[in-house]
Amino acid sequence: MTLCPYCGANVERNPGEVVLTCPYCGTAFTVEGGEVGEHLMGRINYSVQQVFENFKSWALRMPETPNDFLEKALFKSYEVRFYPFWVFVFQARVSYAGGYEDLTLPVHVPGHTSMLGTPLEKLRPTLGGKVFYSHRYVVNAGAKLVNPDVGPEDAEKKAVEQAGEMALESLSIRFGGRARLRVESLAVSERKLVHHPVIHATYTYSGREYKFMADASDSRILYAEIPVEAKFRAAAAAGGLASLGLALASLLAARDAPMFAATSLLGFLVVAGVSLSKAFAPTAVVTKSFAS
Ligand SMILES: [Zn+2]
């Protein structure tokens with residue numbers, strides 16, 4: 001138990017958590033009792049049913065998706081989790097021969113290490129539309145709050161690195177590379193803790209279970225597993241076998257034109273490999289962010 005520095009309530013602490021949120025007054029504070037600054041949240045603007053309908057019509061646009069997906073994909077379960085992001089705004093000055101440029105750079109750092117290596121790492125919730133954090137809102141939505149295990153100081157160290165990179169990157173095209181650019185100064189002008197709502201859902205298709213993740217604020221699909229139609233897999237298998245056949249043919253032709261044969265052999269083997277891997281994968285996994 002840790003005491004809330006604002007209202008004095010006892011706040012439960014789970015292993016690894018370095019920033020806690022008081023369930024009574026909503027204040028976020030470090031376990032040492034330090035302030036974290038403004039604590040904001042994204043609102044849930046879409047119901048899970050709306051998100052599931054969006055997801056299904058989006059999935060149908062992919063050629064692999066079975067035609068009966070709309071009727072046969074059945075919603076199973078979901079959970080809404082509010083994930084923490086440290087959002088910084090940097091003021092940077094980059095100099096070049098004969099002048100300098102001032103930049104304002106927003107930088108996002110995932111607040112929990114479990115977000116790394118997942119689509120959440122690439123999520124950049126904007127500050128637009130964010131409201132002050134309300135724990136009652138989270139509870140009423142039946143959602144789960146993820147407390148940061150990355151504290152504000154560690155987040156800032158990561159953010160400084162990213163901001164420096166961004167500053168150079170944003171000017172490198174205009175100046176033909178980074179060689180003549182130098183970051184003169186980098187200062188944090190804002191730091192906010194933002195909890196952003198994400199829907200984790202499961203659905204079934206033909207008795208198998210699949211997962212998807214969506215942004216509950218704007219309904220974007222962040223991650224999706226989609227069944228692949230049997231017909232499509234058969235076609236991929238046939239394509240793969242045909243490429244293998246061509247690879248064999250180019251091997252036989254090798255005696256006459258060795259260079260040509262070697263490059264085409266490689267090409268056919270690559271195509272065969274890709275097609276066959278599609279043929280044997282029953283699930284298409286999509287992890288990129290897409291507009292829905
Ligand atoms: Zn409190």
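**Entry: Lys192**

I started with Lys192, which counts as buried because its relative accessibility is 12%, under the 20% cut-off for that word. A note to myself before going on: this is a predicted model.

Who does Lys192 pair with? I found its side chain in a salt bridge with the side chain of Glu38, at 2.5 Å from N to O. Lys192 is in strand β10 and Glu38 is in strand β5, so this pair ties together parts that lie 154 residues apart in sequence. Glu38 counts as partly exposed, because its relative accessibility is 32%. I then looked for further partners and got a network of salt bridges that links Glu38, Glu190 and Lys192.

I jotted down the general idea too: side chains of opposite charge can pair when their charged atoms come close.

**Entry: other salt bridges**

How many salt bridges are there? The count comes to 13. I looked up two more of them.

One joins the side chains of Glu184 and Arg182, at 3.2 Å from N to O. Glu184 is partly exposed at 38% relative accessibility, while Arg182 counts as exposed at 53%. I checked the label for Arg182: it holds because exposed means over 50%.

The other is between Asp218 and Arg220, where the closest N and O atoms are 3.5 Å apart. Here I wrote "partly exposed" twice: Asp218 has a relative accessible area of 34%, and Arg220 has 24%.

**Entry: His196**

Back to strand β10, which covers residues 182-205 and also holds His196. Is His196 buried or exposed? It counts as buried, with a relative accessibility of 3%.

What does the side chain of His196 make a polar contact with? I found the side chain of Asp215, at 2.9 Å. Then I listed what His196 touches, leaving out residues up to four places away in sequence. The list includes Arg81, Phe82, Tyr83 and Phe85, and also Leu123, Pro125 and Lys130. Gly42 and Ser217 are on it as well, and so is Asp215, the polar partner.

**Entry: cysteines**

I wanted to know about disulfides. A disulfide is a covalent bond between the sulfur atoms of two cysteines. How many disulfides did the count give? It came to zero.

I looked up the surroundings of two cysteines anyway. Cys22 counts as buried, with 0% relative accessibility. Cys25 is partly exposed, with a relative accessible area of 32%.

**Entry: Leu244 and its patch**

Next I went looking at the surface. Leu241, Leu244 and Leu269 make a nonpolar surface patch of about 260 Å². I picked Leu244 to follow up. Where does it lie? Leu244 is in helix α5, residues 230-252. Its relative accessibility is 35%, so I put Leu244 down as partly exposed.

**Entry: Glu32**

Last stop, a loop. Glu32 is found between β4 (28-30) and β5 (38-41). Is Glu32 buried or exposed? Glu32 is exposed, with a relative accessible area of 72%.

I also took a distance from Glu32 to Tyr205. The two residues are 173 apart along the chain, and their C-alpha atoms are separated by 48 Å. For contrast I reread the Lys192 and Glu38 entry: those two are 154 residues apart in sequence, yet their side chains meet in a salt bridge.

Key:
Residues are numbered from 1 along each chain as its sequence is written. This is a predicted model: local features need pLDDT of at least 70, side-chain atom pairs count only at pLDDT 80 or more; totals for chains, interfaces and linings use all residues. Side-chain values use heavy atoms; hydrogens and water are left out. Patches are made of residues with over 30% relative accessible area and no salt bridge: like charges are joined within 9 Å, nonpolar side chains (Val, Leu, Ile, Met, Phe, Trp, Tyr) within 5 Å. Accessible areas come from the Shrake-Rupley method with a 1.4 Å probe; for residues, only the protein chains shown count as cover. A salt bridge is a side-chain nitrogen of Lys or Arg within 4 Å of a carboxyl oxygen of Asp or Glu. Helices (H or I, at least four residues) and strands (E, at least two) are DSSP runs, numbered from the N terminus. Buried means under 20% relative accessible area, exposed over 50%, partly exposed in between (1.4 Å probe, protein chains only). A disulfide is a pair of cysteine sulfur atoms within 2.5 Å. A polar contact is a pair of N or O atoms within 3.5 Å; within protein, one must be able to donate a hydrogen and the other to accept it, and residues adjacent in sequence count only if both atoms are side-chain atoms. Contact means heavy atoms within 4.5 Å.
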